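Colleague: Please take one part of this model and go through it closely. I would like to know how the strands of one chain are paired, and what lies against them.

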Amino acid sequence: MKFFGFAAGVAASLTLLSTTSAFAVTQISWWHAMTGANAEVVDKISKDFNASQSDYELVPVFKGTYPETLNAGIAAFRAGQAPDILQVFDVGTGVMMAAEGAIKPVAEVMTGVAMSFDKSQYLPGIVGYYSKPDGTMLSFPYNSSSPILYYNKDIFQKAGLDVNNPPKTWNEVWEAAKKIKTSGAAPCGYTSTWLTWIHLENFAAWNDVSWATQQNGLAGGDVELKINAPIFVNHFQALADLAKDGTFKYGGRTSEAKQIFLAGECGIFTESSGGLGDIVKSGMNYGIGQLPYDSDAKGAPQNTTPGGASLWVFGDKSDEQYKGVAAFFAYLSKTDVQEYLHQKSGYLPVTLAAYEATKKSGFYDKNPGRETPVLQMTGKAPTDNSKGVRLPNLPQVRDIQNEEFEKMLAGQQTAQQALDNAVTRGNAAIKEALEN
Amino acid sequence: MAPQLAITLVFFYWPAGQALYQSMLRQDPFGLRSRFVWFANFRKVLADPAYLNSIQVTVVFSLATAIVAMCVALLLAVMAEKAVRGKGLYRTLLIWPYAVAPAIAGMLWLFLFNPSIGSLAYLLRSLGIAWDPLLNGTHAMILLVSAAAWKQISYNFLFFVAGLQAVPKTLIEAAAMDGAGETKRFWTIVFPLLAPTTFFLLVVNTVYALFDTFGIVHAVTGGGPGKTTETLVYKVYNDGFVNLILGDSAAQSVILMAIVIALTAIQFRYVERKVHYG
Amino acid sequence: MIGQSPLRTVIAHAVLILGILIVAFPIYYTFVASTHTLQTILRPPLPLLPGGQLWNNYSEALFGGIGRIGGVSVGQLLLNTTIMALGVAVGKICISILSAYAIVFFRFPLRMTFFWLIFITLMLPVEVRILPTYKVMVDLGMIDTYAGLIIPLIASATATLLFRQFFMTIPGELVEAARVDGAGPWRFFFDILLPLSRTNIAALFVILFIYGWTQYLWPLLVTNSNDMNTIVIALKKMVSFADADTEWHLVMVTAMLAIVPPILVVALMQRWFVRGLVESEK
């Protein structure tokens, strides 16, 4: 295989050489999964970075959806063709962390090339999630989001609800949803994207209850799910009951429900803060509230956990390339770049300075609600329950949870059965993954 | 023959060999650690109820797709033969979907029948049908079969039209003089003569339904709700590329290859012999 | 011609029109959607008639929306897709007609073994063997090349099967006659078989062109550079169910651009390729 690796390397450098005219420039490849307006942000940042210096050329390449991008990266690594930077979604974090031999921690990349690197300038809630238990920062948080509540003000008006006061707890959401449905203001009261991320992972963190043992997997691999505790069962039974008459409407496993809300079918909606763009563009009269919490939970609201994606650096690259990557990350951390990213995309700023600057610029006054996700994530110091969740096979575990939810919502099983099954099957899958 | 063999060897048997080797390994996604486990992956896959479910789903889906696509196409082809005027126009209008990529076809059907922005879903709902492919497995399967069959109708239609035109007019006229009715003429003369076409289409449609519909499943249902539309190929993809359990995924590919070889053998041994060659 | 009752003709037309409605509707509706504003699309039901945004949407997609698909012009994407589709069609026809020729007309050791070796590949799509195949591509240095896009897709047996079926219908007397006339295998191939297969080739060309045009997963993996993307991939880039906003009106325009060229190929070539199929049977 050595020989093939060499041949591939030569071939790769030949193609690289043939596509660029400036030989002295070191190319840094960045594989990403950004589409639409977010892809424009990627292209603009890359162009600006390339224009800002002349030693490195950043080449962003779209590789499909999040899972497709992760797979392309893995396939390329196995074939000895890994890119320098790979964007990996939150669920893939555990996968990347388990692959210690394949990646180079961002902290090492930044310090290894004698550049100043100060972890404290980044938002702690986000950086904590992308770090090892000992605090070493492994990946660079590029786009982070947090689930928030959106509501349709016109529907609220029609249903006789307070337009300026969105529901704060889940019970209030259920009541408001019922009122919307019975008053005929809209055919459905409430819908949500990402049940696993919002109603399990963030539900647990926000209400300060355990999602799984071992600090939700952050402290070690031997993890058991805790999601069949009564607080989860009650929550999901409420959802299942509301689903029976269509007060709650299921949209799909990922972000599909956004379309239901945009079509004006449902009055209340929980979704990532990164989904704001579509809602603004639809011209809807919308409002934003913080993620609801469970009124029975003691510490609620605690803090939410980051979703989105981070940038990983592959191992076995040349020093020159690492220098380029470090230069890019340094550029990306600049306040004006972060401000642009945050204001254009709805993702969170990753540095404190960018947050302060955005605040000072009056952006949040003009765009009420845009600060909500930042406050949710940084409002309180995270507990063992709210630093995020991490599993080597989180995609698979989420799949299992979704399958059980779908059976529950179709009326084939109760919430207790669904969550019990999800725990049993999930634990078995985690154990299996650890054996590999 | 040499060039095809060479390409087949390099781009098919070489990777297939690697898949076979992979199917006996347990490996982390990056290939950093691996363990040789002989047939453990196969035992695990075959004992998995989800896998058996997926076989059932595949059989239902493939049969439904092949039957729907071929029957509709045959009906339209026969009608097109009858409609003397405007035949060319009909044909042109009927063959469009063939040119649409599965990934795009899936997207279009989703666009029409998506419970939220789909206009046809809206229509169904206003007719009082609780259309919900996201939670109702039967609805999801119907949507999937419709999308898959829709894309294949044109292809079948073209071949049936060609087949029908090749039927000698004199034979039909002779039968008509003998007093055979239209329906009888079709089943006793035309249909048997269409056998080679039908056989070819059967093979193509089965293969299409088994494998090429990946793009459609991927775009329309993603295997859900639950696991009600998870076909074998989709499961190979999902286990290997989403869940990153490479050994299981490779074992499934190998089982698929075995199924395929068996199917092919059966088709050639028993079906081809009966087929009427002109 | 056998006379038929007017009623049956009417029924035939009715069935056909219904068929066309079903078959063409999704495409027509895509066109309709491509002429409306985003707001109209997001609030169903969408009108059945085209809206007034045709010019705006198309010019925005063609000239303004370039940044969305990685800074590559729509023209370049269409060019890549065309090269790939043509390469797959021509390459596959060449190698499979040769293989089918060898399998049907020659007796040599292991003939059936070779046939089986090729035939089995009919069944396994790229999706299933993608990871190892990708590795092979890297080892051969074929990432980001047209050859890498094309050659692995040639290695499947659909066309070989079709040619084999067709060659088997050629009467043995014809082969005998050629042999008696002293025609060598190559002359037989070029003078008799090729002209006879003309129509099959035309049919296959259309089929394979479409096959090449509509690929998705493979081009996504073997192209690292945006300049090598195909239009189908560019289209998928614009659709997002994740965080970003999806501009459905522009997506629908791009969908039309991705759909129309292969439709034209099918529509323009159908006359002589269908007629050809029929003629060869006489």
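Modeller: What follows covers the strands of chain A.

The model is predicted, so local features are given only at pLDDT of at least 70 and side-chain atom pairs only at pLDDT 80 or more, while totals for chains, interfaces and linings use all residues. Residues count from 1 along each chain as its sequence is written, and chains are lettered from A and ligands numbered from 1 in the order in which they are written.

Start with the five-strand sheet. In chain A, five strands (DSSP E runs of at least two residues, numbered from the N terminus) lie in the order β8-β7-β9-β6-β10. The sheet they form is open, and its pairing is mixed; two strands count as paired if DSSP finds at least two bridges between them. At the edges stand β8 of chain A, residues 248-250, and β10 of chain A, residues 286-289. Each of these edge strands has a pairing on one side only. From one strand to the next, the twist averages 25 degrees.

At the β8 edge, the pairing can be followed residue by residue. β7(A), which covers residues 188-192, is joined to β8(A) by three bridges, and the two run parallel. Within β8(A), Y250(A) is the residue opposite S192(A).

A helix (a DSSP H or I run of at least four residues) lies against this sheet. Helix α8 of chain A, residues 170-183, packs there and touches β7, β8 and β9 of chain A, the last being residues 266-272; contact means C-beta atoms, placed from the backbone, within 7 Å. The direction of α8(A) makes about 135 degrees with that of β7(A), taken between N-to-C directions on a scale of 0 to 180 degrees, with axes fitted to C-alpha atoms, for helices over the stretch in contact.

Next come the strands that pair with β1(A). Strand β1 of chain A spans residues 26-32 and is mostly covered, with five of its seven residues buried (20 or more other C-beta atoms within 10 Å of the residue's own, placed from the backbone). One partner of β1(A) is β2(A), residues 56-62, and seven bridges hold this pair in the parallel sense. In that pairing, E57(A) of β2(A) stands opposite Q27(A). β1(A) also runs parallel to β3(A), residues 85-89, with two bridges between them. Here L86(A) in β3(A) is the bridge partner of W31(A).

Methods: Two residues are in contact if their C-beta atoms, placed from the backbone, lie within 7 Å. A residue is buried if 20 or more other C-beta atoms lie within 10 Å of its own, exposed if 12 or fewer, and partly exposed in between; C-beta atoms are placed from the backbone.
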